[in-house]
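Please look through the sequence and the model below before reading on, and keep both in view while you follow the report.

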Amino acid sequence: MDPVSKRADQEAIQQAWATLLGRADAIADSITLALIEQEPAYLASPAPDIAVEIRRSTREHVLQGLRTMSGAPAATDTTKEVWRRTGRERARQQIPMELVLKAYTLGSRTLWEELMLERRRDKSVIDERLLIMAGQQLWRALDSQYETLVDAYRRESARMQQRDLANAL
């Protein structure tokens, strides 16, 4: 594929993701509710107001993710820094890593489903070929999220263990 066609395809994919930006908070809230329903263990965290924190964090992730996928400039932190910060925060909140990874998967799946719904409502949003490409990009991004989040979570867990060991001595 020539560079001009590639660029046009990417711009069309970005425009399709941009159609979801106005609903970012509603999408994030649906992810938060589904997460708490599917994984009530989240609420067992000793962190105060964990449900409020999950909602805030999910909203941040969805908005940042949609901005990134739509080609919009980042409002504040880079996307990777959001993932790193979340890894550190979830380790401090003693939320098991597998629950955090499930949340990321749920979020990506929900965004994908929202993009498909948008296409069903208006076929001009994105054609099938580009919809598949958008999905491939989304799942590649999830791999990168996992890698970044897991590294930050493990580093913070190790730091906390060293601190606790030093305090015990």
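The report that follows looks at one helix and then at several salt bridges.

## The first helix

This is a predicted model, and the description begins with helix H1, which covers residues 3-18. Helix H1 has 16 residues and reaches 22 Å from its first C-alpha to its last, which is close to the 22 Å expected at 1.5 Å a residue. At the start of H1, the backbone nitrogen of Val-4 has a side-chain oxygen of Asp-2 within 3.1 Å.

## Two sides of H1

Which residues of H1 are buried? They are Asp-9, Ile-13, Ala-16 and Trp-17. Seen down the axis of H1, these buried residues fall within an arc of 100°, so they line one face of the helix. A general rule helps in reading such a pattern: an α-helix has 3.6 residues a turn, so residues three or four places apart point the same way.

The buried residues of H1 pack against three partners, namely helix H3 (50-69), helix H5 (97-121) and helix H6 (128-168). On the other side of H1, by contrast, Pro-3, Val-4 and Gln-15 are exposed.

## Salt bridges between helices

Side chains of opposite charge can pair when their charged atoms come close, and a search of the whole structure finds 22 salt bridges. In one of them, the side chains of Arg-59 and Asp-29 meet with an N to O distance of 2.7 Å. This pair links distant parts of the chain, since Arg-59 lies in helix H3 and Asp-29 in helix H2 (residues 24-38), 30 residues apart. Arg-59 has a relative accessibility of 24%, and because the partly exposed class lies between 20% and 50%, Arg-59 counts as partly exposed.

Another salt bridge joins Glu-53 to Arg-90, whose closest N and O atoms are 3.5 Å apart. Here too the pair links distant parts of the chain, with Glu-53 in helix H3 and Arg-90 in helix H4 (residues 79-92), 37 residues apart. Are these two residues buried or exposed? Both Glu-53 and Arg-90 are buried.

## A shared network

Arg-90 also meets Glu-89 in a salt bridge, where the N to O distance between the side chains is 3.7 Å. Arg-90 counts as buried at 3% relative accessibility, and Glu-89 is buried with a relative accessible area of 17%. Salt bridges that share partners join Glu-53, Arg-56, Glu-60, Arg-85, Glu-89 and Arg-90 into one network.

How values were computed: Residues numbered from 1 in each chain as written. Predicted model: local features only at pLDDT ≥ 70, side-chain atom pairs only at ≥ 80, totals over all residues. Heavy atoms only, no water. Helix = DSSP H or I, 4+ residues; strand = E, 2+ residues; numbered from the N terminus. Expected span 1.5 Å × (residues − 1). Buried < 20%, exposed > 50% of the residue type's maximum accessible area, 1.4 Å probe, protein only. Arc of directions from axis to C-beta. Contact = heavy atoms within 4.5 Å. Polar contact = N/O pair within 3.5 Å; in protein donor to acceptor, adjacent residues only side chain to side chain. Salt bridge = Lys/Arg side-chain N within 4 Å of Asp/Glu carboxyl O.
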